[in-house]
Amino acid sequence: MSLSAADPTIARDAWLDAPSTTRAVHLRAEDMDMFGADADRDVRRSLRVGTVPLPELAPDEVLVAVMASSINYNTIWSAMFQPMPTFAFLRRLGRQGGYATRHDLPHHVIGSDASGIVVRTGAGVRHWAPGDFVVVSPNCPDDQDPPTHADSMMSPRQLVWGYETNFGGLAEHTVVRATQLLPKPAHLTWEEAASITLCAGTAYRMLIGAHGARIKLGDIALIWGATGGLGSIAVQLVKSSGGIPIGIVGSEEKAEAARRLGCDLVIGRSEIGMTSAGPGSLDEVQKVGKRLGGIIRREIGEDPHVVFDYVGRATFGVSVFVARRGGVVVTCGSSTGYEHTFDNRYLWMNLKNILGSHVANLQEMSECIRLFGLGTLVPVLSEVHPLDDVGAAARTVQENRHIGKVGVLCQAPSEGLGVTDWELRAKIGEQRLNPLRRITS
């Protein structure tokens, strides 16, 4: 039976079978050395779609029929087996013993986003039942670790689901802890809902949450990669908070997308003499930083309070340079490389701060998803692929040819399904939803 957006009861009942196997995107341990000395680690070669076994549920786990998922940069790292093969994470997890041993397998089902329907719950699950429509948080916490009860991101055993654990979201079925689930926003389609947890939750913690930069009315925020999955949510968060988002992009198409998202100022990388590899020396960092700072001061009048940097090696030195005195550079990743070089004089003598941030705890994720429910934030899908074409979808992200988020349909037979509140969707407005999709379609 296919999903019926008009009859959610039928839709729920159609997906309640609990299989012992599932079709999934996975990596194989035997392929870890497949790229050899190849400079181009083409992820289409390592990503495989096929049938894999599903594990027995632990008491605190839930089996979810995945309707849709999306591509994140950890999908790319995983498929390139860099900076280290994810099978090392699975072995380490397996050494914990008990149910954790199920994760240490010769295949790794990846993916850290999902929307879907609860199929079965473990004996200890209280708040979820078969038929519930859910989204999955990528934060996989250890609720028996004391730091978790202050902030689950501080637990030494905190893991990213589908990257540091097995049974991820790029599959027709997935296994998650109950503490990863949140209600699916009723007005979003499956593919829209599947695009919002990892990137949006991460950006929320970086900018809004109690553990992040805590931007406020009037703050100027410089956002690298302002039309990427993270950057496009960051722009919305800054704008809706009364801040001034400044986006840096690499093409005119992306500049148009950044303006549509709400950037007050859009700067092309070429305007500041910035290549994709970034400045090669501290002297070049300073030259690029001076050009960038000059444009910002000329157009906005002040230096940035906050610099939002997930790009890493290519941008980090410039980020430290351009942040204002007492400003903060908040970072959650390094898609261009994790070895960063910056001139420390500009950090300590100007009392700047570097803040590391990682995913989001469940409370932060819930607050972020609420903003989607209110229409304050909107999804940033640009394209959607079927599960069998995940290699092409991931390659687009690997080569930075995408904007926003690239979605993947898993069990959903087509786009546009899963909406159970059409009135709210109409109130928010189709024109506001998916602003980046209208640019690329």
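Me: Which residues lie nearest the centre of the second largest pocket?
Reply: This is a predicted model, in which local features need pLDDT of at least 70 and side-chain atom pairs count only at pLDDT 80 or more, while totals for chains, interfaces and linings use all residues. Residues are numbered from 1 along each chain as its sequence is written, and side-chain values use heavy atoms, with hydrogens and water left out. A pocket is an open set of points on a 1 Å grid over the protein atoms alone, with protein on both sides within 12 Å along at least five of seven lines, whereas a cavity is a set where a 1.4 Å probe fits but cannot get out, and lining residues have an atom within 4 Å of a point. The second largest pocket is lined by 42 residues, and those nearest its centre are Asp60, Pro141, Asp143, Arg177 and Thr179.

Me: What volume does the second largest pocket have?
Reply: Its lining divides by class into 17 nonpolar, 16 polar and nine charged residues, where Ala, Val, Leu, Ile, Met, Phe, Trp, Tyr, Cys and Pro count as nonpolar, Asp, Glu, Lys and Arg as charged, and the others, Gly among them, as polar. A volume is the space filled by probe spheres set on the grid points, which are joined across faces, edges and corners. For the second largest pocket it is about 910 Å³.

Me: Which element gives the most residues to the lining of the second largest pocket?
Reply: Helices (H or I, at least four residues) and strands (E, at least two) are DSSP runs numbered from the N terminus. At least two lining residues come from each of β7 (139-140), β9 and α12 (362-374). The most, three residues, come from β9.

Me: Which residue of β9 stands opposite Ala65?
Reply: Two strands pair if DSSP finds at least two bridges between them, and five bridges join β3 (residues 61-71) to the antiparallel strand β9 (residues 173-177). In this pairing Ala65 faces His173.

Me: Where does Ala65 find its opposite residue in β5?
Reply: Six bridges connect β3 and strand β5 (residues 115-121) in the antiparallel sense. Within β5, the residue opposite Ala65 is Ile117.

Me: How many residues of β3 are buried?
Reply: Strand β3 also has an antiparallel partner in β18 (residues 405-409), joined by four bridges, with Ala68 opposite Leu409. Buried means under 20% relative accessible area, exposed over 50%, and partly exposed in between (1.4 Å probe, protein chains only). Strand β3 is largely enclosed by the rest of the structure, because its buried residues number eleven of the eleven.

Me: Which residue of β13 stands opposite Gly247?
Reply: Strand β12 (residues 244-249) runs parallel to β13, with four bridges between them, and together with helix α8 (residues 252-261) the two strands make a right-handed β-α-β unit, meaning that, with the strands pointing away from the viewer, the path from the first strand over the helix to the second runs clockwise. From β13 (residues 265-268), Leu265 and Ile267 point one way and Val266 and Gly268 the other, and all are buried. Gly247 is matched across the bridges with Val266.

Me: Which element gives the most to the largest nonpolar core?
Reply: A nonpolar core is a set of buried Ala, Val, Leu, Ile, Met, Phe, Trp, Tyr and Cys residues joined through side-chain atoms within 4.5 Å. The largest one has 48 residues, and Leu207, Ile223, Ile233, Leu237, Val306, Phe308 and Phe372 have the most contacts inside it. At least two residues come from each of several elements, including β11 (220-224), α7 (229-240) and β14 (306-309). The greatest share, seven residues, comes from α6.

Me: How many residues of α6 are buried?
Reply: The buried residues of α6 include Thr197, Arg205 and Leu207. Helix α6 is largely enclosed by the rest of the structure, because the buried count is eleven of the eleven.

Me: How much space lies in the second largest cavity?
Reply: There are two cavities of 30 Å³ or more. The second largest is lined by Thr22, Ala24, Val52, Pro53, Leu54, Val109, Phe167, Ala171 and His173, and the elements giving two or more of these residues are β1 (21-28) and β2 (48-53). This lining has seven nonpolar, two polar and no charged residues, and the space in the second largest cavity is about 30 Å³.

Me: What phi does Asn400 take?
Reply: Helix α13 (residues 390-398) is mostly covered, with eight of its nine residues buried, among them Val390, Arg395 and Gln398. Just after α13, Asn400 has a positive phi of about 55°.
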